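Visitor: I am new to this structure and would be grateful for a close look at a single part of it. Please describe how the helices are packed against one another, and what may be said of the space beside them.

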Amino acid sequence: MPLILFLIFIAVPVIEIAIFIQVGGLIGVWPTIAIVLGTAFLGASLLRLQGLQTWRRAEEAMRRGEPPVAEMLDGVFLFIAALLMVTPGLFTDAIGILFLIPPVRRAIGRYAARRLAESSRFHVHTSGMGGMGGMGGMGPGGPARPPKGPGPVIEGEAEEIGEEPRGSGSERDSPWRQ
């Protein structure tokens, strides 16, 4: 975490300053400012267009009874792209534009899901995922339709890790044992 904070608050501004100096020296101050404003406008336009498309795909997935996992992940990356595009700078604009490109978003999403699955006790099965090229549903056969009825349904698998032998003192402490 300290490394991430260092990168955000020290390294990124230094990189931005260096790029501004280089680009400004090559093409001048006003064209450099125009590029920064132009990429912000372009990013905002693409974000609006792709954000609406993502919202529609999420609605369609919910109508089919599927969890909109891929669409939600797209939404997160679009939000990050918007933050990067609003931040003045050519380096952050370039990263933001990369997040607006769907194949790049999907590749980063697959990588992030893989890392999350490896670092947690949850297992993410990536078969039959459609829109994210392998991202999404939980379960061995891909996303399943939830049964109709009140309340959320959470599917899962249980694995018994160990049990204290009968007759130990902890039986009296547990309200679940009789």
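Guide: Helix α2, residues 29-63, packs against helix α3, residues 69-86, at an angle of about 165 degrees, and their axes lie 9 Å apart. The model is a predicted one. Since angles over 145 degrees count as roughly antiparallel, α2 and α3 are therefore roughly antiparallel to each other. Their crossing is left-handed. On the side of α2, the contact is made by Thr39, Ala40, Gly43, Leu47, Gln50, Gly51, Thr54, Arg57, Ala58 and Ala61. On the side of α3, Glu71, Asp74, Gly75, Leu78, Ala82 and Met85 take part. By class, the residues of this contact of α2 with α3 comprise seven nonpolar, six polar and three charged.

Helix α3 also packs against α4, at an angle of about 155 degrees and with the axes 8 Å apart. That angle makes α3 roughly antiparallel to α4. The crossing of α3 and α4 is left-handed. From α3, the residues that make the contact are Phe77, Leu78, Ile80, Ala81, Leu84 and Met85. From α4 come Thr92, Asp93, Ile95, Gly96, Ile97, Phe99 and Leu100. The contact of α3 with α4 has 10 nonpolar, two polar and one charged residues. Leu78 and Met85 of α3 thus appear in the contact with α2 and in the contact with α4.

Helix α4 meets α1 in another arrangement: the axes of α1 and α4 come within 7 Å and cross at roughly 105 degrees. An angle from 65 to 115 degrees counts as roughly perpendicular, and α1 and α4 are therefore roughly perpendicular to each other. Here α1 contributes Val12, Ile15, Glu16, Ile19, Phe20 and Val23, while α4 contributes Leu90, Phe91 and Thr92. The classes in the contact of α1 with α4 are seven nonpolar, one polar and one charged. Thr92 of α4 belongs to this contact with α1 and also to the contact with α3.

There remains the matter of space. The second largest pocket holds about 500 Å³. It is lined by 17 residues, of which Ile4, Leu7, Ile8, Val12 and Leu84 are the closest to its centre. Helices α1 (2-27), α3 and α4 (90-100) each supply at least two residues of this lining, and the largest share, eight residues, comes from α1. The lining divides into 14 nonpolar, two polar and one charged residues. Two of the residues closest to the centre of the second largest pocket, Val12 and Leu84, have already been named: Val12 in the contact of α1 with α4, and Leu84 in the contact of α3 with α4.

Note on methods: Residues are numbered from 1 along each chain as its sequence is written. This is a predicted model: local features need pLDDT of at least 70, side-chain atom pairs count only at pLDDT 80 or more; totals for chains, interfaces and linings use all residues. Side-chain values use heavy atoms; hydrogens and water are left out. Axes are lines fitted to C-alpha atoms, for helices over the stretch in contact, and angles run from 0 to 180 degrees between N-to-C directions. Helices (H or I, at least four residues) and strands (E, at least two) are DSSP runs, numbered from the N terminus. Angles under 35 degrees count as roughly parallel, over 145 as roughly antiparallel, 65 to 115 as roughly perpendicular and the rest as oblique. A crossing is left-handed if the near helix is turned anticlockwise from the far one by less than a right angle, and right-handed if clockwise. Contact means heavy atoms within 4.5 Å. Ala, Val, Leu, Ile, Met, Phe, Trp, Tyr, Cys and Pro count as nonpolar, Asp, Glu, Lys and Arg as charged, and the others, Gly among them, as polar. On a 1 Å grid over the protein atoms alone, a cavity is a set of points where a 1.4 Å probe fits but cannot get out, and a pocket is an open set with protein on both sides within 12 Å along at least five of seven lines; lining residues have an atom within 4 Å of a point. Grid points are joined across faces, edges and corners, and a volume is the space filled by probe spheres set on the points.
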